[in-house]
Amino acid sequence: VHWAAGQYTQAMAEADSAYALLTHTKDLEGAAYAGLIGTYAASYSSAVRYKQLEARLAQVYQIGGEKIAPNALVYRYLFQLHGSILYQQGAVERAIDRYLLGLKRQRAAMRDHANGRDSLRLAQYYHQLGRLYSERGNVEQSSGYYEQALVLYEALQDIGEQLKLSVRLAQLQEQQGNRYKQHYYTNRLPDIIAQYTASPAQQRRSKTYKHLAQAYYYQQNRQAQALLDYYRSVLPMVERERLAPHRAQQYLAWAHLQLDNLAAASRAYQRAVQLVQQRYGPKDSRAAALYQSLAGLAWRQQDPVLTWQYLDLGIAQLAPAEGVAFAPDHYLEPKKAAILYQLRADLEMTTQDYAAAQRDLDRAIALLYYGRRHYLGDAAKLLSAQRLRPLYELAALCAWRQYEVTPSPALLEQLFGYTERSKGSALQESLLKYRNRYAHKGERVPTELLEQEEALLVQLGRLKEQKLAAR
């Protein structure tokens, strides 16, 4: 009852009471379910921190490991929830590990007995793994999991998920520059939409994916006016039923931009921010991305003051509370925050505030470097190296500009540090490109040699930092 009413704190309290009672009566499987439900409720509560969620899950794992059969239903939800919590923390490798373990157990359970709900859970595992590998830049592996999920959703006749995954696969193929496959997934959208029926079980979710898929189709075919006309008829329903209305506003902003209606595009982005904050609270990464779009629009309108304000607002959405010392692991999404800091540094350089620009570039570098520890494949690591190198070069330029005005040994040391890191990043870039060419040609580099190379690169970076610190 509390859950249905959105009263997650109360739902958590009721589940905790049930957990205590069932533990006392030795109904351990029931206690595990109660603990799991309590953790679900806690994950929706803004008052609960990630460490508390991890502690709750540890209790469920302990009960499961001691007394519950390996194929118990509780495990099918446990790994999905744990993976989701880890993903929100940015611990993507650990999240992948949880989902892969859950997928293994799900497949084992389906060998004994399978039904429609089991197929749905299997599809959900494939879907989540596709998203996680996409986050790490491994497009090929991501597409493979998404395609397996799509096959299952087609068999289950889940139109909403078919629309969602077809759009996602089209976007991934666009990233890869595979226009043929992108057109394939985009052009199948109208046929899937035509199969849409408002079944009570899937109505809300399917309606959401339906309007977003239709908007994506118009966007990819550059039909801005058709998109505006479409939302003119369905937007009231989308907002009334809360079917991801902020996404609809983003598509509307795109259409207005195509028609050079900058004021209308700005209003659409601002409405999207309002909707995000109503739905997800005052601080959210979605709002940060929207403020970045608004900053770009303000810059296009030659309004640097407004550009600055929007960048500040975007950073505030991701940064820890004011007054808390800078630390990359305190940010909601480090990579997004790094982009916003870099954009603000670019703006500060246009006003010749090189000290402020250098501070922002240092933060962008720290955030990107922090994110690198989660990257799995060479492609993602290469992209990271390519992102870091220009930041080192810009930071070096900022240090040099300050040195020209006020010469100091500290600025020279910083300049040296940036140039050394830039050279190290260029070296790593060349090595990764070389390795990628080997993989592309089908030649095999021994795993031990690759691991040794990676360890030496890490060691080289640490030694350079120690050398700088000793100066």
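## Exercises: salt bridges and a helix pair

R344 is buried, with a relative accessible area of 15%. This residue is the starting point for the exercises below, which use a predicted model.

**Exercise 1.** Find which residue of helix α16 forms a salt bridge with R344, and state what the pair ties together.

*Solution.*
- Step 1. Look for the partner: D312 forms a salt bridge with R344, with the closest N and O atoms 2.8 Å apart.
- Step 2. Place both residues. R344 sits in helix α17 (residues 334-350) and D312 in helix α16 (residues 304-318), so the bridge ties together parts 32 residues apart in sequence.
- Step 3. Check accessibility. D312 has a relative accessible area of 32% and is partly exposed.

**Exercise 2.** Determine whether D360, which also forms a salt bridge with R344, is buried or exposed, and locate its helix.

*Solution.*
- Step 1. Take the distance: the closest N and O atoms of D360 and R344 are 2.8 Å apart.
- Step 2. Assign the helices. D360 belongs to helix α18 (residues 354-371) and R344 to helix α17, so this pair ties together parts 16 residues apart in sequence.
- Step 3. Classify: D360 is buried, and so is R344.

**Exercise 3.** Describe the salt bridge between R401 and E404, then name the network formed by bridges that share partners.

*Solution.*
- Step 1. The R401 and E404 side chains meet at 3.2 Å, N to O.
- Step 2. Both lie in helix α19 (residues 378-405). They are three residues apart, so about one helical turn separates them.
- Step 3. R401 is partly exposed at 33% relative accessible area. E404 is partly exposed too, at 46%.
- Step 4. Now follow shared partners: D312, R344, E348 and D360 join into one network.
- Step 5. For context, the whole structure holds twelve salt bridges.

**Exercise 4.** Characterise the packing of helices α13 and α14.

*Solution.*
- Step 1. Choose the descriptors. Two packed helices are described by the angle and the distance between their axes.
- Step 2. Apply them. The axes of α13 (residues 245-258) and α14 (residues 262-280) come within 8 Å and cross at roughly 170 degrees.
- Step 3. Name the arrangement. Angles over 145 degrees count as roughly antiparallel, which makes α13 roughly antiparallel to α14.
- Step 4. Inspect the contact. On the α13 side, residues including L252, A253 and L257 take part; on the α14 side, residues including A268, A272 and L275 do.
- Step 5. Sort by class: 13 residues are nonpolar, three polar and one charged.
- Step 6. Weigh the confidence. Among the elements, α13 has the highest mean pLDDT (96) and helix α21 (residues 447-470) the lowest (53). The protein averages 80, and 76% of residues score at least 70.

Definitions and conventions. Residues numbered from 1 in each chain as written. Heavy atoms only, no water. Axes fitted to C-alpha atoms, helices over the stretch in contact; angles between N-to-C directions. Helix = DSSP H or I, 4+ residues; strand = E, 2+ residues; numbered from the N terminus. Parallel < 35°, antiparallel > 145°, perpendicular 65-115°, else oblique. Contact = heavy atoms within 4.5 Å. Nonpolar A, V, L, I, M, F, W, Y, C, P; charged D, E, K, R; others polar. pLDDT = per-residue confidence, 0-100. Salt bridge = Lys/Arg side-chain N within 4 Å of Asp/Glu carboxyl O. Buried < 20%, exposed > 50% of the residue type's maximum accessible area, 1.4 Å probe, protein only.
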